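Reader: I have a model open and some labels I'd like explained. Can you take me through the reasoning behind them?

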Amino acid sequence: MILAYEDRATELMFAPSEGSPLIVSYDGLEFEEVEDRTGLSTHPQGVLIDGIYHKYIFFPSEGVKHAVSGDNLDYIASDEIALEVYAEDASDAREFGVSTFFADDEGGIVLLFNSTDENNEIVVSRAYASPDDLSVLEVTDRDILDGTLENEHYADPHVVVMDDGTVVLIVMYQDSGAAPPHERQGYIHAYTSDNYGETFTYAGELFSFEDFEEFDVYSLNDPKIVQMWDGSLRVYVAAMVPDSENPSDDPRLGFKWILVSATGELE
(Lines give C-alpha, C1' and ligand atoms only; values in the text may rest on other atoms or scores of the structure.)
Protein backbone atom coordinates (compact mmCIF):
# COMPACT_ATOMS: atom_id res chain seq x y z
CA MET A 1 0.00 0.00 0.00
CA ILE A 2 1.43 3.35 -1.06
CA LEU A 3 0.24 6.79 0.07
CA ALA A 4 1.20 10.21 -1.22
CA TYR A 5 0.89 13.20 1.08
CA GLU A 6 1.71 16.86 1.11
CA ASP A 7 1.69 19.32 3.98
CA ARG A 8 -0.29 22.56 3.64
CA ALA A 9 -0.73 22.26 -0.12
CA THR A 10 -3.28 24.64 -1.61
CA GLU A 11 -4.23 22.45 -4.59
CA LEU A 12 -3.40 18.96 -3.37
CA MET A 13 -6.69 17.28 -4.24
CA PHE A 14 -6.31 18.18 -7.91
CA ALA A 15 -2.58 18.43 -8.56
CA PRO A 16 -0.15 16.88 -6.03
CA SER A 17 3.39 18.07 -6.55
CA GLU A 18 5.72 15.73 -8.37
CA GLY A 19 8.01 15.77 -5.35
CA SER A 20 5.32 14.92 -2.80
CA PRO A 21 6.60 12.37 -0.28
CA LEU A 22 5.53 8.77 -0.83
CA ILE A 23 5.21 6.30 2.04
CA VAL A 24 4.65 2.56 1.87
CA SER A 25 3.09 0.04 4.24
CA TYR A 26 2.92 -3.74 4.14
CA ASP A 27 0.41 -4.09 6.97
CA GLY A 28 -1.64 -0.90 6.65
CA LEU A 29 -0.31 0.53 9.91
CA GLU A 30 3.43 1.03 9.83
CA PHE A 31 4.66 3.32 7.04
CA GLU A 32 8.12 4.16 5.80
CA GLU A 33 9.47 6.51 3.14
CA VAL A 34 9.71 5.18 -0.42
CA GLU A 35 13.32 5.50 -1.52
CA ASP A 36 12.97 4.30 -5.12
CA ARG A 37 10.09 6.18 -6.75
CA THR A 38 10.63 4.61 -10.17
CA GLY A 39 7.32 3.72 -11.76
CA LEU A 40 5.28 5.32 -8.96
CA SER A 41 2.96 8.32 -9.20
CA THR A 42 1.74 10.81 -6.60
CA HIS A 43 -1.65 10.92 -8.31
CA PRO A 44 -4.57 8.63 -7.40
CA GLN A 45 -4.80 5.53 -9.54
CA GLY A 46 -7.04 5.63 -12.60
CA VAL A 47 -9.70 3.09 -13.53
CA LEU A 48 -8.39 0.25 -15.71
CA ILE A 49 -10.70 -0.71 -18.59
CA ASP A 50 -9.54 -2.87 -21.51
CA GLY A 51 -5.87 -2.15 -20.83
CA ILE A 52 -6.26 1.64 -20.60
CA TYR A 53 -6.32 3.72 -17.41
CA HIS A 54 -8.98 6.41 -17.18
CA LYS A 55 -9.47 9.29 -14.78
CA TYR A 56 -11.26 12.62 -14.58
CA ILE A 57 -9.36 15.77 -13.71
CA PHE A 58 -10.85 19.11 -12.73
CA PHE A 59 -9.31 22.16 -14.38
CA PRO A 60 -10.29 25.45 -12.67
CA SER A 61 -12.16 27.90 -14.91
CA GLU A 62 -12.55 25.13 -17.52
CA GLY A 63 -14.27 22.02 -16.23
CA VAL A 64 -13.72 18.30 -15.79
CA LYS A 65 -11.69 16.56 -18.49
CA HIS A 66 -11.23 12.90 -19.33
CA ALA A 67 -7.61 11.69 -19.23
CA VAL A 68 -6.10 8.38 -20.33
CA SER A 69 -2.83 6.54 -19.72
CA GLY A 70 -1.22 3.29 -20.73
CA ASP A 71 0.94 2.98 -17.62
CA ASN A 72 -1.03 4.84 -14.91
CA LEU A 73 1.83 7.35 -14.70
CA ASP A 74 1.64 9.69 -17.66
CA TYR A 75 -1.88 10.87 -18.46
CA ILE A 76 -3.05 12.79 -21.50
CA ALA A 77 -6.11 14.94 -20.93
CA SER A 78 -8.60 15.55 -23.70
CA ASP A 79 -9.03 19.05 -25.10
CA GLU A 80 -12.78 18.59 -24.78
CA ILE A 81 -14.76 19.11 -21.58
CA ALA A 82 -16.29 15.94 -20.11
CA LEU A 83 -18.41 17.80 -17.55
CA GLU A 84 -19.08 21.52 -17.58
CA VAL A 85 -18.52 23.03 -14.15
CA TYR A 86 -17.01 26.33 -13.18
CA ALA A 87 -14.82 27.35 -10.28
CA GLU A 88 -12.27 30.12 -10.27
CA ASP A 89 -9.59 28.02 -8.59
CA ALA A 90 -9.00 24.54 -7.22
CA SER A 91 -10.07 25.49 -3.70
CA ASP A 92 -13.47 26.84 -4.87
CA ALA A 93 -15.87 23.98 -4.15
CA ARG A 94 -19.08 25.83 -5.01
CA GLU A 95 -19.52 23.75 -8.19
CA PHE A 96 -16.99 20.93 -7.91
CA GLY A 97 -15.20 19.87 -4.76
CA VAL A 98 -13.81 16.47 -3.79
CA SER A 99 -14.52 13.70 -6.31
CA THR A 100 -14.16 9.93 -6.50
CA PHE A 101 -14.78 7.55 -9.40
CA PHE A 102 -15.04 3.83 -10.18
CA ALA A 103 -16.00 1.44 -12.99
CA ASP A 104 -19.30 -0.42 -13.12
CA ASP A 105 -19.89 -3.94 -14.42
CA GLU A 106 -20.59 -2.72 -17.97
CA GLY A 107 -17.37 -0.77 -18.46
CA GLY A 108 -18.88 2.63 -17.70
CA ILE A 109 -17.49 4.98 -15.05
CA VAL A 110 -19.36 6.56 -12.15
CA LEU A 111 -18.11 9.89 -10.82
CA LEU A 112 -19.30 11.16 -7.44
CA PHE A 113 -18.51 14.74 -6.45
CA ASN A 114 -19.54 17.18 -3.77
CA SER A 115 -20.50 20.81 -4.20
CA THR A 116 -22.13 23.58 -2.20
CA ASP A 117 -25.71 24.30 -3.24
CA GLU A 118 -27.77 27.49 -3.10
CA ASN A 119 -28.72 26.75 0.52
CA ASN A 120 -25.01 26.59 1.47
CA GLU A 121 -25.33 22.85 2.02
CA ILE A 122 -22.65 20.37 0.93
CA VAL A 123 -24.20 17.73 -1.31
CA VAL A 124 -22.93 14.72 -3.29
CA SER A 125 -24.00 14.31 -6.92
CA ARG A 126 -23.55 11.48 -9.41
CA ALA A 127 -22.31 11.69 -12.99
CA TYR A 128 -21.93 8.81 -15.41
CA ALA A 129 -19.79 8.09 -18.48
CA SER A 130 -21.21 5.28 -20.60
CA PRO A 131 -18.91 2.58 -21.99
CA ASP A 132 -19.73 3.89 -25.48
CA ASP A 133 -17.97 7.20 -24.76
CA LEU A 134 -15.96 7.59 -21.56
CA SER A 135 -15.02 11.14 -22.54
CA VAL A 136 -18.49 12.50 -21.75
CA LEU A 137 -19.99 12.68 -18.25
CA GLU A 138 -23.69 13.26 -17.66
CA VAL A 139 -25.06 14.24 -14.26
CA THR A 140 -27.72 11.67 -13.40
CA ASP A 141 -28.59 12.62 -9.82
CA ARG A 142 -28.13 15.66 -7.61
CA ASP A 143 -27.84 15.37 -3.81
CA ILE A 144 -27.95 11.57 -3.83
CA LEU A 145 -27.68 11.37 -0.02
CA ASP A 146 -30.44 13.89 0.67
CA GLY A 147 -32.21 13.37 3.98
CA THR A 148 -30.00 10.58 5.31
CA LEU A 149 -28.40 12.80 7.97
CA GLU A 150 -29.87 15.62 10.03
CA ASN A 151 -27.53 18.27 8.65
CA GLU A 152 -26.87 18.47 4.90
CA HIS A 153 -23.08 18.23 5.12
CA TYR A 154 -21.88 15.33 2.96
CA ALA A 155 -18.25 16.31 2.48
CA ASP A 156 -15.15 14.55 1.13
CA PRO A 157 -16.78 11.53 -0.59
CA HIS A 158 -14.60 8.51 -1.30
CA VAL A 159 -15.49 5.00 -2.49
CA VAL A 160 -14.11 1.52 -2.67
CA VAL A 161 -15.60 -1.32 -4.74
CA MET A 162 -15.50 -4.52 -2.71
CA ASP A 163 -14.55 -7.90 -4.17
CA ASP A 164 -18.25 -8.85 -4.37
CA GLY A 165 -19.13 -5.67 -6.29
CA THR A 166 -20.60 -3.77 -3.35
CA VAL A 167 -19.75 -0.08 -3.51
CA VAL A 168 -18.91 1.46 -0.13
CA LEU A 169 -19.08 5.25 0.07
CA ILE A 170 -17.84 7.28 3.02
CA VAL A 171 -18.32 10.97 3.77
CA MET A 172 -17.16 13.37 6.44
CA TYR A 173 -20.07 14.95 8.33
CA GLN A 174 -20.22 18.00 10.58
CA ASP A 175 -23.19 19.09 12.65
CA SER A 176 -24.53 22.64 12.74
CA GLY A 177 -22.02 23.86 15.32
CA ALA A 178 -19.03 26.13 14.80
CA ALA A 179 -16.11 25.00 12.67
CA PRO A 180 -12.97 23.60 14.33
CA PRO A 181 -11.11 24.47 16.41
CA HIS A 182 -13.92 26.55 18.00
CA GLU A 183 -15.92 23.33 18.27
CA ARG A 184 -14.83 19.76 17.68
CA GLN A 185 -16.22 18.20 14.53
CA GLY A 186 -15.85 15.23 12.23
CA TYR A 187 -18.04 12.15 11.89
CA ILE A 188 -17.33 9.49 9.27
CA HIS A 189 -20.50 7.90 7.85
CA ALA A 190 -20.83 5.00 5.41
CA TYR A 191 -23.25 4.08 2.62
CA THR A 192 -23.48 1.00 0.43
CA SER A 193 -24.75 0.38 -3.08
CA ASP A 194 -25.49 -2.90 -4.85
CA ASN A 195 -26.22 -1.22 -8.21
CA TYR A 196 -22.93 0.61 -8.79
CA GLY A 197 -23.98 3.89 -7.29
CA GLU A 198 -27.41 4.36 -8.83
CA THR A 199 -28.77 4.39 -5.26
CA PHE A 200 -27.13 4.26 -1.83
CA THR A 201 -28.31 2.83 1.48
CA TYR A 202 -27.19 4.39 4.74
CA ALA A 203 -24.94 1.96 6.64
CA GLY A 204 -24.23 4.00 9.78
CA GLU A 205 -21.57 6.04 11.52
CA LEU A 206 -18.16 4.40 11.45
CA PHE A 207 -16.34 6.60 13.96
CA SER A 208 -15.84 10.22 14.98
CA PHE A 209 -13.37 12.57 16.67
CA GLU A 210 -14.70 11.32 20.01
CA ASP A 211 -13.39 7.80 19.44
CA PHE A 212 -9.68 8.63 19.57
CA GLU A 213 -8.23 8.25 23.06
CA GLU A 214 -4.57 8.57 22.08
CA PHE A 215 -5.01 12.06 20.59
CA ASP A 216 -7.03 15.15 21.47
CA VAL A 217 -8.80 15.39 18.09
CA TYR A 218 -10.54 18.60 17.06
CA SER A 219 -11.46 17.70 13.49
CA LEU A 220 -11.47 14.82 11.00
CA ASN A 221 -11.07 15.58 7.29
CA ASP A 222 -10.51 13.95 3.89
CA PRO A 223 -11.22 10.27 4.70
CA LYS A 224 -9.98 7.58 2.29
CA ILE A 225 -11.22 3.98 2.39
CA VAL A 226 -9.49 0.79 1.18
CA GLN A 227 -10.23 -2.92 1.34
CA MET A 228 -7.48 -4.82 3.11
CA TRP A 229 -6.03 -8.21 2.20
CA ASP A 230 -8.29 -10.04 4.65
CA GLY A 231 -11.44 -8.38 3.29
CA SER A 232 -11.78 -5.86 6.11
CA LEU A 233 -12.08 -2.13 5.51
CA ARG A 234 -9.65 0.54 6.67
CA VAL A 235 -10.25 4.27 6.66
CA TYR A 236 -7.40 6.78 6.72
CA VAL A 237 -8.24 10.32 7.76
CA ALA A 238 -6.45 13.57 8.59
CA ALA A 239 -6.93 14.56 12.23
CA MET A 240 -6.47 18.08 13.60
CA VAL A 241 -4.69 17.92 16.96
CA PRO A 242 -2.97 20.47 19.25
CA ASP A 243 0.65 21.16 18.33
CA SER A 244 2.42 20.99 21.68
CA GLU A 245 5.68 22.15 20.11
CA ASN A 246 4.11 25.30 18.67
CA PRO A 247 1.39 26.46 21.09
CA SER A 248 -0.47 29.70 20.37
CA ASP A 249 -3.09 31.93 22.00
CA ASP A 250 -4.59 32.48 18.56
CA PRO A 251 -7.43 29.90 18.20
CA ARG A 252 -6.60 29.53 14.50
CA LEU A 253 -3.03 28.47 15.26
CA GLY A 254 -1.36 25.97 17.56
CA PHE A 255 -2.65 22.90 15.73
CA LYS A 256 -1.21 20.33 13.35
CA TRP A 257 -2.50 17.52 11.14
CA ILE A 258 -1.69 13.85 11.61
CA LEU A 259 -2.77 10.72 9.75
CA VAL A 260 -4.92 8.30 11.76
CA SER A 261 -6.90 5.22 10.78
CA ALA A 262 -9.68 2.90 11.89
CA THR A 263 -10.54 -0.59 10.69
CA GLY A 264 -13.51 -2.95 10.76
CA GLU A 265 -16.23 -4.63 8.73
CA LEU A 266 -19.70 -3.49 7.72
CA GLU A 267 -22.49 -5.53 9.28
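Reader: How many aromatic pairs are there, and what makes two rings a pair?

Author: This is a predicted model, and the count comes to 9 aromatic pairs. Two rings pair if their centres lie within 6.5 Å.

Reader: Take Phe58 and Phe96: why is that pair called stacked?

Author: Their ring centres are 5.2 Å apart, which is within 6.5 Å, so they pair. The planes stand at 25°, and under 30 degrees counts as stacked, so that's the label the pair gets. The two rings come from distant parts of the chain: Phe58 is in strand β5 (residues 52-59), while Phe96 is in the loop between β7 and β8 (99-103), 38 residues apart.

Reader: And what about Phe96 and Phe113, how do you know which kind of pair they form?

Author: Same routine. Centre to centre they are 5.1 Å apart, with 25° between the planes; set that against the limits of 6.5 Å and 30 degrees, and the pair is stacked. Phe113 belongs to strand β9 (residues 109-116) and Phe96 to the loop between β7 and β8, so this pair ties together parts that are 17 residues apart in sequence.

Reader: What makes Phe58, Phe96 and Phe113 a cluster?

Author: Ring pairs link them. Phe96 pairs with Phe58, and Phe96 pairs with Phe113 as well.

Reader: Are Phe96 and Phe113 buried or exposed, and how do you know?

Author: The cut-off for buried is under 20% relative accessible area. Phe96 has 2%, so Phe96 is buried. Phe113 has 1%, so Phe113 is buried too. Phe58 carries the buried label as well.

Reader: Which charges sit over rings, and what makes them qualify?

Author: Two examples. Lys55 lies over the face of Tyr75, at 4.4 Å from the ring centre. The charged end of Lys65 sits over the ring of Phe59, 5.0 Å from its centre. The distance limit is 6 Å, so both values pass that part of the test.

Reader: Now the sheets. Why are β12 and β15 called edge strands?

Author: They belong to an open sheet of 4 strands in the order β12-β13-β14-β15, with antiparallel pairing. β12 (155-161) and β15 (201-208) each have a single partner strand, so one side of each is left without a neighbour in the sheet. The twist from one strand to the next averages 25°.

Reader: How do you know that β13 and β14 really pair?

Author: Pairing takes at least two bridges. Strand β13 (residues 167-173) and strand β14 (residues 187-193) are joined by 7, so they pair, and they run antiparallel. Across from Val167 you'll find Ser193 in β14.

Reader: What about β6 and β7, how many bridges join them?

Author: There are 2 bridges between strand β6 (residues 63-69) and β7. At least two are needed, so that counts as a pairing. Val68 stands opposite Ile76 in β7. Their sheet is open too, with 4 strands in the order β4-β5-β6-β7; β4 (47-49) and β7 (76-77) are its edge strands, pairing on one side only.

Reader: Last one: what makes up the lining of the second largest pocket?

Author: That pocket has a volume of about 260 Å³ and is lined by 16 residues, with Leu206, Gly264, Glu265, Leu266 and Glu267 nearest its centre. The elements giving two or more residues to the lining are β15, β17 (233-242) and β18 (255-264). β15 gives the most, with 5 residues.

Methods
Residues are numbered from 1 along each chain as its sequence is written. This is a predicted model: local features need pLDDT of at least 70, side-chain atom pairs count only at pLDDT 80 or more; totals for chains, interfaces and linings use all residues. Side-chain values use heavy atoms; hydrogens and water are left out. Axes are lines fitted to C-alpha atoms, for helices over the stretch in contact, and angles run from 0 to 180 degrees between N-to-C directions. Rings of Phe, Tyr and Trp (its six-membered ring) pair if their centres lie within 6.5 Å; planes under 30 degrees apart count as stacked, over 60 as edge-to-face and the rest as tilted. Buried means under 20% relative accessible area, exposed over 50%, partly exposed in between (1.4 Å probe, protein chains only). A charge sits over a ring if NZ of Lys or CZ of Arg is within 6 Å of the ring centre and within 35 degrees of the ring normal. On a 1 Å grid over the protein atoms alone, a cavity is a set of points where a 1.4 Å probe fits but cannot get out, and a pocket is an open set with protein on both sides within 12 Å along at least five of seven lines; lining residues have an atom within 4 Å of a point. Grid points are joined across faces, edges and corners, and a volume is the space filled by probe spheres set on the points.
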